[in-house]
Amino acid sequence: MKSISLIQFLIEERRAGRVNAELSLLIEVVARACKRIAVATNKGALGGVLGEAGTGNIQGEAQKKLDVISNEILLEANAWGGQLAACASEEMEDPQPIPDMYPKGNHLLLFDPLDGSSNIDVNISVGTIFSVLRCPDGVTDAKTEHFLQPGTTQLAAGYVVYGPATVLVLTFGHGTHEFTLDREVGSFILSRRDIRISEETAEFAINMSNQRHWEPPMQRYIGELLAGKDGPRGKDFNMRWVASMVADVHRIITRGGTFFYPLDAKIKSKGGKLRLMYEANPMAFIIEQAGGAATTGRERILELQPTGLHQRVPVFLGSKNEIEVATHYHLVADGAQG
């Protein structure tokens, strides 16, 4: 079978009227930046990129050196191309405007430059997550409020996982597709088209160390999974937890499963653990386009109206039937469903 490069795929999407030239070029730029991040990640200790950067991000979390490097690579790559009005990073408090010396475009880019960076030093998969929005008409100086659009308005979303292979998973709202980096030629090659996630699964990912802090409906749901075939679900479940969202989601994209980061007593005041704009929305878009489901445990993630650039939410995503069961338990506990 003839291999299809990312560039060829994007040209075909343009011819089909599913993306415009500006969005297509933006995705090429992001993919090229991610190849640079892959190189930096692969060097490990030999590249002097491991360990703490000695700084904190806007959430007050300690930054790794690769967090900072990845953020700079994405900012630099997207500054001059002319596809963006502004971009926003999980690592920065405010959006980054496009320098006046460069042309501005009609798109807004949000990204988590290095998801799962706590795993860098132990050589476990990490990744980049990104989301593309349309800049509102007539806006020449994009501010935070222009980014606060529901996930349903996303034009594109994707992630790159830096693992044994470097893999890009991408959607424009017409299915979810996977590309694998061929290092010999330096190109992302289409490896799976129109990915479908099985509706049933017996695999879940969750941080069990937080169990004592969960709400009662989450305790009920996970308790049933742990009871296995002797419990009310009537079958055994396996648990997986990488603690890199990209790696846990990519497992779901590859073989089905579920991922949960529920609300708990420790993070309730923050609204959740994961960021709506940089993590939950793009991953929900990707998962839904592959036939899965994504909720906060109570609401569809993509329908949330954002209230802040760094807003946090609970995340339930993956195989449709299990996400529906877990969400139903929360709504029953709230009295919203019988």
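User: Which residues do ring pairs link into a cluster with Tyr 221?

Analyst: This is a predicted model. In the model, the count of aromatic pairs comes to six. Ring pairs join Tyr 221 into a cluster with Phe 260, Phe 316 and Tyr 329.

User: What geometry does the pair of Phe 260 and Phe 316 have?

Analyst: The ring centres of Phe 260 and Phe 316 are 5.1 Å apart. Their planes stand at 85°. Planes over 60 degrees apart count as edge-to-face. The Phe 260 and Phe 316 pair is therefore edge-to-face.

User: Which strands hold Phe 260 and Phe 316, and how many residues apart are they?

Analyst: The pair links distant parts of the chain. Phe 260 belongs to strand β13 and Phe 316 to strand β17. Both residues are buried. Their separation along the chain is 56 residues.

User: Which residue has its charged end over the ring of Tyr 329, and how far from the ring centre?

Analyst: Tyr 329 is part of the cluster with Tyr 221, Phe 260 and Phe 316. The charged end over the Tyr 329 ring belongs to Arg 220, and its distance from the ring centre is 3.6 Å.

User: In what order do the five strands of the open sheet run, and why are β12 and β15 left without a neighbour on one side?

Analyst: The sheet is open, its pairing is mixed, and the order is β12-β11-β13-β17-β15. β12 (238–240) and β15 (293–295) stand at the edges, so one side of each lacks a neighbour because each has a single partner strand. From one strand to the next, the twist averages 15°.

User: In β13, which residue is the bridge partner of Ala 205?

Analyst: Strand β11 covers residues 203–205 and strand β13 residues 258–261. The two run parallel, joined by two bridges. The β13 partner of Ala 205 is Phe 259.

User: What angle does the direction of helix α6 make with that of β17?

Analyst: Helix α6 (residues 245–255) packs on the sheet. It touches β11, β12, β13 and β17 (315–318). Its direction and that of β17 make an angle of about 30°.

User: What angle does the direction of helix α8 make with that of β17?

Analyst: Helix α8 spans residues 320–333 and packs on the sheet. Its contacts there are β13, β15 and β17. The α8 direction makes an angle with that of β17 of about 155°.

User: How many of the residues of α6 are buried, and which residue just after α6 takes a positive phi?

Analyst: α6 is mostly covered, with nine of its eleven residues buried. Among them are Met 245, Val 246, His 250 and Arg 251. Just after α6, a positive phi of about 85° is taken by Gly 256.

User: Where does UniProt place the feature "binding site", and why do those residues gather at one spot?

Analyst: The unreviewed UniProt entry gives this feature at Asp 112, Asp 115 and Glu 279. They span 168 residues in sequence. Yet they gather at one spot, because no two of their C-alpha atoms are further apart than 8.7 Å.

User: Is Asp 112 buried or exposed?

Analyst: Asp 112 lies in strand β5 (residues 107–115). Beyond four places in sequence, it touches Glu 90, Gly 127, Thr 128, Ile 129, Tyr 278 and Glu 279. Its relative accessible area is 2%. The cut-off is under 20%, so Asp 112 is buried.

User: Is Asp 115 buried or exposed?

Analyst: Asp 115 is also found in strand β5. Apart from neighbours within four places in sequence, its contacts include Ser 244, Met 245, Val 246 and Glu 279. At 5% relative accessibility, Asp 115 is buried.

User: Why is strand β8 largely enclosed by the rest of the structure?

Analyst: One side of β8 carries Thr 166, Leu 168 and Leu 170, and the other Val 167, Val 169 and Thr 171. Both faces are covered. β8 (residues 166–171) is largely enclosed because its buried residues number six of the six.

User: Which residue in the hairpin of β8 and β9 takes a positive phi?

Analyst: β8 pairs with strand β9 (residues 176–182) in the antiparallel sense over five bridges. Val 169 stands opposite Glu 178 there. Four residues lie between the strands of this hairpin, and the one with a positive phi near 90° is Gly 173.

Key: Residues are numbered from 1 along each chain as its sequence is written. This is a predicted model: local features need pLDDT of at least 70, side-chain atom pairs count only at pLDDT 80 or more; totals for chains, interfaces and linings use all residues. Side-chain values use heavy atoms; hydrogens and water are left out. Two strands pair if DSSP finds at least two bridges between them. Axes are lines fitted to C-alpha atoms, for helices over the stretch in contact, and angles run from 0 to 180 degrees between N-to-C directions. Contact means heavy atoms within 4.5 Å. Rings of Phe, Tyr and Trp (its six-membered ring) pair if their centres lie within 6.5 Å; planes under 30 degrees apart count as stacked, over 60 as edge-to-face and the rest as tilted. Buried means under 20% relative accessible area, exposed over 50%, partly exposed in between (1.4 Å probe, protein chains only). A charge sits over a ring if NZ of Lys or CZ of Arg is within 6 Å of the ring centre and within 35 degrees of the ring normal. UniProt positions are given in the numbering used here, feature names are shortened, and annotations may be inferred rather than shown by experiment.
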